[in-house]
Every structure is written in structure tokens, then in C-alpha cells.
Amino acid sequence: MKPAAGTSFALPGIRLAQRLGLGALASRLYVYLSGFLAIFLIAAQVAPARFGEYSVYQSVLEVALVVGTLGSSLLFSRNAASVPPRVTRGDLVRTLAIGLPLAALLAAGVVGAQRLPVAGAPFMLIVLSLAVFAFNSLRLSYSRGLGHAGLLNLESGVRATVLVLGVATLAALGLEIGVAHLLAINLLALVLVGAAIFLPANGAAPPAGPPVLALASQASATVYALLTFLLRKSDLLLVALFMPLGYVGAFKLAFLLAEAPSQFVQAFLVTKTPAMLDANAANLTIEKLRLARHSFLLGCVLFVGLAGLMAVAAPLLKLGPEARDIFVCIAPYFLLRTYTVHHETMLSLNATMGSLGWWTLLEFALRLASYGVVIALFPDKPHYVFFIAFVTDFVLYELRMRALFGFFPIVRLLRPALGRSP
């Protein structure tokens, strides 16, 4: 008997796996295993100073990406499924036309501030990578809004895999690996991801038409995204201003490992985007809040594995022992992030851009003040700033959830554990 039209079948357990977000977790596992392999391979093959320089260029690319997309990845996700369309092909073209020139200027300024050459192959490769990366980011964000998050979860893993293959090939040929080689391999990986975006599995492209997004909303999104980057990703650029490149490389390695659990959790929460939209105090039940608790528990498990990985890998790497010491200091903060990333996702999808910007500005101001204190007291240990951030981030995210939803999530989560009704 043939199945009725419109009927679909799935192997046993597939729907349960989709509901639990196991696909996202599996993809994130692949992303981080490939990322760890790439970073360990580079750290083993490249001198610490070159590894630090490469890490700076990667951070420059990331901050330039924010301006290159006008911070609009979140706007593309929010509006992708709207009827009538509130994101069009015109928005994509206009965003890149305005954002990319500004991003190139920003990249030049940041590279110059880091005392690296603006005229040269590495910077040109950064500019080319930026153009491809910005397009990929906007299209993948649009697909996320339509519920197609597969490639979004996998793209950094694809890039890491290409990097592993490229570095391994150069090492096997006995060639000296320079910063330009690594950046060229990254560009190739971005081009491959860009080609994969056009596969049917990633959903339709934005419809044709003139721009619909308001430039004022994109300006607000740019400010918010820049503040978020400065808060979450600028630590390496900050320490690179006054620390030797060898330390920068060790910091990069420790940061990548410590950040992995919260990024792993964030990938799972991305699959819950439709359910988390339009949340309010009335419909944000204890069942939904348990995501925050489960995220934290998952983070604890992941950190145990990562601590073992760091202990095994550190003696094998040129900068391993220093990276291990930094990892131990920053791990508590990033373990907390596996809990607060739930709050961050809820707020980003439901709060106004103005509110997001002001709170993030406050958080960034506190981080800068914390750096000032730590640098004054421990000039050679800037990673101690994460001890202060552990406290300030927890307080700020609980207060923000209280302001938007009317309660402190930590209180609702602890009450059932203490045997009281929520």
C-alpha cells in the first residue's frame, strides 16, 4: 500500500532525537572536535608568536564581520518567516554595500592598532574573507529564521576541517607554515561554505524586492552587535595590546576550550528559536526554564571532559602549560555561561534593540572597569578579569530577566529543588 499524499515516515527515534535537539548537539560536537584538532595542530606546528599573530587576525575578522553585516544577523532571523516578507534580497544587497566598506576601514584601524602591517597579503586575505563571511552570515541567519539551522550549526566545523586538511598537507610536504597560509586556507573554507548555502536543504533565499528593513533598526542592531562582540570576543584583542604574542596564543587556546561548553549549549538553543519567540512572563513556564538548568548540567559534564583534554594535550604543545594555567582561571566564568546563555538567547529574541543595547553597554563598561582593576593589580595576569566577570554577569542577567519577565530565573529553578511549589 502506498502512503497517502503528504504522509512522511521517519526511522524509529528520529522524531525524539529532533525534539531533544540531539542533532544540534551532535553537530556542535563535530564542530568542537574539529576545532580542537585544528587549533592543536596549528599550535603544534607553528611558533607561539605566529600562532598569536594568526589569532589576532582571526579576531579582527570577527569584529569586522559585525560591521560588514550591520549587525543584522539577528534581524534576518527575526523577520525571515514574516508574512508579508520583512527581509528581501534588497536588504541583503544594501546591507553588504554599506557594511563591507565600513568593515574594511575598521579592520585596517584595528590591525594598525595591533602594530601589524595593513599593506600585505594577510590583510588582503582578511578583506576577501570578510566579503564571503558577511554574505554567509546573513544567509545562514535568514535560514535560521525559517527553521533551517543545520548548516549554521555545522559551518564553523566545516571551516575547521578544511583548516586541518590544509595544515596537515603543508606539514606533510615539509613546508614552513606562515600566517598567510593559514588565512588563505580559511578563505577557501569560507568559499566552500558559501557554495553549500545554495543547497535546497538550507531553505529558500530571501525573496526579490527592494529593501524592507529600516536603516535605523540596522543601526541599532550594529551598535548592539558591536557591544556584544566587545563583551564576548574582544578579550584577545585587548590583551594583545599590551601582552606578547606568545601569551596571546596561549590565551586563544585556553579561551577556545573554556568557551566550548557554552557554545555547545547555544547551538542547542538555536533549534528552539521558534518556541522562544514572543515569550512573556505568562507563558515562560518552569518547563521552559528547565532548559537553563539542563544547560548548566550539560556544561558541567563537558567541562570535565575538556579539563582532561587540556591535561593530556598541554605537554605536547609549545604553549600548552601556559594555556592550561589560563584555562583553570577562566573555566568558572565559562561554566556559568552555560547557564546564562539561556537568558541571553531569550532576551535577544524578545527584548527591544534599545533595551539590549543599553544593558550590553552597562555590561561592557563593567568589563572594562574590571580590566582596569586587574591590570593595575596583576599586570601579567589579565585573565584574572574573569573572576570579577563571574559575579557581574550572573547579577546582570538575573536582573535583566527580572526586568523583562518579572521574576528571577534562579529562584524559580531552585524552588522545585527545595521541595516548594514554583
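Trainee: How many aromatic pairs are there, and what makes two rings a pair?

Mentor: The count comes to 13 aromatic pairs. Rings of Phe, Tyr and Trp (its six-membered ring) pair if their centres lie within 6.5 Å; planes under 30 degrees apart are stacked, those over 60 are edge-to-face, and the rest are tilted. The model is a predicted one, in which local features need pLDDT of at least 70 and side-chain atom pairs count only at pLDDT 80 or more, while totals for chains, interfaces and linings use all residues. Residues are numbered from 1 along each chain as its sequence is written, and side-chain values use heavy atoms, with hydrogens and water left out.

Trainee: Why is the pair of Phe255 and Phe334 called edge-to-face?

Mentor: The ring centres are 5.0 Å apart and the planes meet at 80°. The distance lies within the limit for a pair and the angle is over the edge-to-face limit, so the name applies. Phe255 belongs to helix H11 (residues 245-270) and Phe334 to helix H14 (residues 320-350), so the pair ties together parts 79 residues apart in sequence. Helices here are DSSP runs of H or I with at least four residues, strands are runs of E with at least two, and both are numbered from the N terminus. Phe255 and Phe334 also belong to a cluster linked by ring pairs, together with Tyr247, Phe251, Tyr333 and Phe386.

Trainee: What makes Arg367 and Asp393 a salt bridge, and are these residues buried or exposed?

Mentor: A salt bridge requires a side-chain nitrogen of Lys or Arg within 4 Å of a carboxyl oxygen of Asp or Glu. For Arg367 and Asp393 the N to O distance is 3.8 Å, so the pair qualifies. This pair links distant parts of the chain, with Arg367 in helix H15 and Asp393 in helix H16, 26 residues apart. Relative accessible area under 20% means buried, over 50% exposed, and in between partly exposed (1.4 Å probe, protein chains only). Arg367 has 4% and Asp393 has 2%, so each is buried. Asp235 joins Arg367 and Asp393 in a network of salt bridges.

Trainee: How do you know that Arg400 and Glu363 form a salt bridge between distant parts of the chain?

Mentor: Their side chains meet at 3.9 Å, N to O, and this distance falls within the limit. Arg400 lies in helix H16 (residues 385-405) and Glu363 in helix H15 (residues 353-377), 37 residues apart. Both Arg400 and Glu363 are buried.

Trainee: Why are Asp325 and Arg324 called partly exposed?

Mentor: The relative accessible area of Asp325 is 46% and that of Arg324 is 34%. Each value lies between the limits for buried and exposed, so the term is partly exposed. These two residues form a salt bridge as well, the closest N and O atoms being 3.8 Å apart. The structure holds 8 salt bridges.

Trainee: What makes Arg139 a charge over the ring of Phe198?

Mentor: The rule asks for NZ of Lys or CZ of Arg within 6 Å of the ring centre and within 35 degrees of the ring normal. The charged end of Arg139 sits over the ring of Phe198 at 5.6 Å from its centre. Arg402 likewise lies over the face of Phe408, at 5.9 Å from the ring centre.

Trainee: How do you know the number of disulfides, and what makes a disulfide?

Mentor: A disulfide is a pair of cysteine sulfur atoms within 2.5 Å, and the structure holds 0 disulfides. As for accessibility, Cys300 is partly exposed at 27%, whereas Cys329 is buried at 15%.

Trainee: Why is helix H3 called largely enclosed?

Mentor: Of the 21 residues of H3, 17 are buried, so the rest of the structure largely encloses this helix. Helix H3 (residues 48-68) reaches 30 Å from its first C-alpha to its last, close to the expected 30 Å; the expected span is 1.5 Å times one less than the number of residues. Just after H3, Leu70 takes a positive phi of about 55°.

Trainee: What makes Gln218 buried, and which residues does Gln218 contact?

Mentor: Gln218, found in helix H9 (residues 215-232), has a relative accessible area of 1%, and is therefore buried. Contact means heavy atoms within 4.5 Å. Leaving aside neighbours within four places in sequence, the contacts of Gln218 include Leu70, Ser72 and Arg94.
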